[in-house]
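Trainee: Please give me a close look at one part of this model, the packing of its helices. Then set that part against the interior and the loops around it.

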Amino acid sequence: LWYGAHTRSPSRVEGDKIESDLREYISSNPEELLGRDIVERFGAELPFLLKLIAPAKPLSLQVHPSAEEAALGWVREQRSGVPIDAPHRTYRDHNHKPEMVYALTEFEAVSGFRAPRRALEVLAGLEDIPLVSKTVERLHHGASSQGMRSAFEYMLLGARDRDADVDDVVERISARLARDASPSSHSDSIALRVAEHHPGDRGILATLLLNPVTLSPGEAMFVPAGCAHAYLSGLAVEVMASSDNVVRAGLTSKYVDARTLLDIVDVRPAPPIRLAPERSKPGVEVFYAPVEDFELAVITAAPHLSDAGGRGPRIVMAVEGTVEVVCGGSAVTLSPTQAVFLSAADVAGVRGVGRVVRASVP
């Protein structure tokens, strides 16, 4: 479920004498609705999308491009005549797509590459399977990032006659978990769960090179451009730059473009980027991402009216209980998943028993 004004699927807007989509509504008076500062920085575009994401099964192994990569990819595919809605289209707009997830339930993912040393520990005991042995060879050679790039490329694309090795690795992982001999029971459990939904997919093995992440409710993680990741289970709020650019390497029935992904992926070892909130006032936690496109606030409503905060265009969505958003002389009552758009000129407050999230521009 997403709220925003992206050209591929803008949200519907309903209000007093208004019945259109959010993109049309903003285009009718962008400077008033977005504010002059936003129009100068981003053009007549809402810079962010707000989503609820609930993986019922592991989602694709993917990377999002930087702004420069997205612009180049967009022009390249436009010039090649690839229709914008073609299944094999990779760049559907010219924007980057950094994102942040805020967990509403326990939320599991893999994100970013391990250090090669730790990856070798996780792969230990599987080296007699050729697909793994060749990956391990590559991890041993070159500087850490060079070795990881070579290993990741081989694991995704190398020796296509070794595809059957994926099933052998899954069997071996299952066996070592059963005898309590796993070097990382968390990573092995993830690989087996992914294999249930995507049997034979090389992305199963690729997850062993990535950091496993478990977010507890109320925790947040930032995913920058170039970061290899996959969301596995749970329920979360997701806020991101307004883009639909997703480059996939596996674990999906959608278009896979592993070669392009390898061109833009950042293989430097790095832990997942967890964000700690700043508590600007009682009942308000703000997660500041290191980008200009968005920030996310979590507001616990009280029976008395309190400031909804934020500047510029905002989307406020209920995630718990019943919360009333009051603006000027009008009020809207929100139940979970319902949302309102606030313009740059709107000064709003919230009251009730529950929580809302507020996506806005820094």
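Mentor: What follows starts with the helix pairs, then turns to the interior and to a few single residues.

This is a predicted model, in which local features need pLDDT of at least 70 and side-chain atom pairs count only at pLDDT 80 or more, while totals for chains, interfaces and linings use all residues. Residues are numbered from 1 along each chain as its sequence is written, and side-chain values use heavy atoms, with hydrogens and water left out.

Helices (DSSP runs of H or I, at least four residues) and strands (runs of E, at least two) are numbered from the N terminus. The packing of helix 6 (residues 130-140) on helix 7 is a good place to begin: their axes come within 7 Å and cross at roughly 160°. An axis here is a line fitted to C-alpha atoms, for helices over the stretch in contact, and angles run from 0 to 180 degrees between N-to-C directions. Angles under 35 degrees count as roughly parallel, over 145 as roughly antiparallel, 65 to 115 as roughly perpendicular and the rest as oblique. Helix 6 and helix 7 are therefore roughly antiparallel to each other. The crossing of helix 6 over helix 7 is right-handed; that is, the near helix is turned clockwise from the far one by less than a right angle, whereas anticlockwise makes a crossing left-handed.

Contact means heavy atoms within 4.5 Å. From helix 6, Pro130, Leu131, Lys134, Thr135, Arg138 and Leu139 take part, and they meet Gly147, Met148, Ser150, Ala151, Tyr154 and Met155 of helix 7. By class, these residues are 7 nonpolar, 3 polar and 2 charged. In this scheme Ala, Val, Leu, Ile, Met, Phe, Trp, Tyr, Cys and Pro are nonpolar, Asp, Glu, Lys and Arg are charged, and the others, Gly among them, are polar.

Helix 6 also packs against helix 5 (residues 116-123), where the axes come within 10 Å and again cross at roughly 160°. Helix 5 is therefore roughly antiparallel to helix 6. This crossing is left-handed. Helix 5 supplies Pro116, Ala119, Leu120 and Leu123, and helix 6 supplies Val132, Thr135, Val136, Leu139 and His140. The contact of helix 5 with helix 6 has 7 nonpolar and 2 polar residues, with no charged ones. Thr135 and Leu139 appear in the contact with helix 5 and also in the contact with helix 7.

Further along the chain, helix 8 and helix 9 pack at an angle of about 135°, their axes 10 Å apart. Helix 8 and helix 9 are therefore oblique to each other. Helix 8 passes helix 9 in a left-handed crossing. On the helix 8 side are Val170, Ile173, Ser174, Arg176 and Leu177; on the helix 9 side are Ser185, Asp188, Ser189, Ala191, Leu192 and Ala195. Their classes are 6 nonpolar, 3 polar and 2 charged. The loop between helix 8 (165-178) and helix 9 (185-197) holds Asp180, whose phi is near 60°, a positive value in a residue other than glycine. Asp180 is exposed, with 73% relative accessibility. Exposed means over 50% relative accessible area, buried means under 20%, and partly exposed lies in between (1.4 Å probe, protein chains only).

Now the interior. A nonpolar core is a set of buried Ala, Val, Leu, Ile, Met, Phe, Trp, Tyr and Cys residues joined through side-chain atoms within 4.5 Å. The largest one has 48 residues, and Phe113, Phe152 and Leu209 have the most contacts inside it. Helix 7 (residues 144-157) contributes the most to this core, with 6 residues. Setting aside residues up to four places away in sequence, Phe152 touches Leu61, Phe113, Ala206, Leu209, Leu261, Leu262 and Val265. A second, separate core has 32 residues, including Leu52, Ala220, Phe287 and Val361.

Two more residues complete the view. Leu251 sits in the loop between strand 12 (247-250) and helix 11 (258-264). Its phi is also positive, near 60°, but Leu251 is buried, at 2% relative accessible area. Ala318, in strand 18 (residues 314-327), is buried at 0%. Beyond its neighbours within four places in sequence, Ala318 is in contact with Leu334, Ser335, Pro336, Thr337, Gln338, Arg355 and Val356.
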